[in-house]
Amino acid sequence: MRSLTALDFDRSMHLFRMDLHRLFHGKAFYVMIGISIFIPVMMLTQMSDPRSIAAFIGSNGASNGGFGAGMNLSMLVALTGMLLSISIGKEYSTGFIKNIIVVHANEYDYIMSKLMIALICNATFFLVYLVTLLALGTAMGVPAGIPSIDGLVWYVAEKMLLSIPASMLMIAASLVFRRNYGWSIAAICIVATGIIPLSMQMGLRMAGLGLVASMLDFTVAGASSLATLTPHAGSLLAILCVSAAWTVVWSLVARGLMSKRDVL
């Protein structure tokens, strides 16, 4: 098996086109789109007095991140993770993965194809969620509360950057459980919420270990609180660094899982 330096763009694109065809001709993708519509509809209609549309998008930078800030779009990444879990699980359970590995010997060809599919799914779910939220919120007369259009675009771009390592982590999780869809989806839901590093951070701060807790700001979940509707160059730089570092880490983990474990 070869390394990342031997990644072949043509092979990756061939796998990507195959995955894209399966994505658009399957039912699961459209079910997830429906869920992306349902979530903002449910939130807006179930709340008696929504403060603003922006409250369902992310933080405006005026308050501390915590569990809620900046996580509204991040939760949609779980939908992408479920699709990845289903796709990878089916390839392993049916034995189709053996054909892919035989023809495409570099694991990164396979991993990069899945990552490109994840980016398309994330972008689609983000767009559907935002369009539904803005359209319904405006129709209901809910104040926008969005500082600026530039800030909204900046925020979505930061979330898309953070979705890259998050998706890579979910690919790795799917490769761990493979045929066990239930465990894979459960792990992905936990990963998508970021509850593990955020809980650890809260516990460390309560124990008076604020310096140690601050180190968890450099996880994907920790950096998620840096993304706000108020543009800030420093936050973007930090998010870029965190995204790049963790994408490399989780790609190496995913590659290791594929090369060290039996295909079937």
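**Exercises: a helix pair and three residues**

In this predicted model, Ala28, Phe29, Met32, Ile35 and Ser36 of helix 2 meet Leu79, Met82, Leu83 and Ile86 of helix 3, where contact means heavy atoms within 4.5 Å. Residues are numbered from 1 along each chain as its sequence is written, and side-chain values use heavy atoms, leaving out hydrogens and water. Local features need pLDDT of at least 70, side-chain atom pairs count only at pLDDT 80 or more, and totals for chains, interfaces and linings use all residues.

**Exercise 1.** Sort the residues in the contact of helix 2 with helix 3 by class.

Solution. Start with the rule: Ala, Val, Leu, Ile, Met, Phe, Trp, Tyr, Cys and Pro count as nonpolar, Asp, Glu, Lys and Arg as charged, and the others, including Gly, as polar. The contact then has 8 nonpolar, 1 polar and no charged residues.

**Exercise 2.** Describe how helix 2 and helix 3 pack.

Solution. Begin with the angle between helix 2 (residues 28-46) and helix 3 (residues 77-93), which is about 165°, and add that their axes lie 10 Å apart. Because of that angle, helix 2 is roughly antiparallel to helix 3 (angles over 145 degrees count as such).

**Exercise 3.** Decide whether Cys121, Cys189 and Val242 are buried or partly exposed.

Solution. Take the cut-offs: buried is under 20% relative accessible area, exposed is over 50%, and partly exposed is in between (1.4 Å probe, protein chains only). Cys121, at 1%, is buried. Cys189, at 30%, is partly exposed. Val242, at 5%, is buried.

Notes. Axes are lines fitted to C-alpha atoms, for helices over the stretch in contact, and angles run from 0 to 180 degrees between N-to-C directions. Helices (H or I, at least four residues) and strands (E, at least two) are DSSP runs, numbered from the N terminus. Angles under 35 degrees count as roughly parallel, over 145 as roughly antiparallel, 65 to 115 as roughly perpendicular and the rest as oblique.
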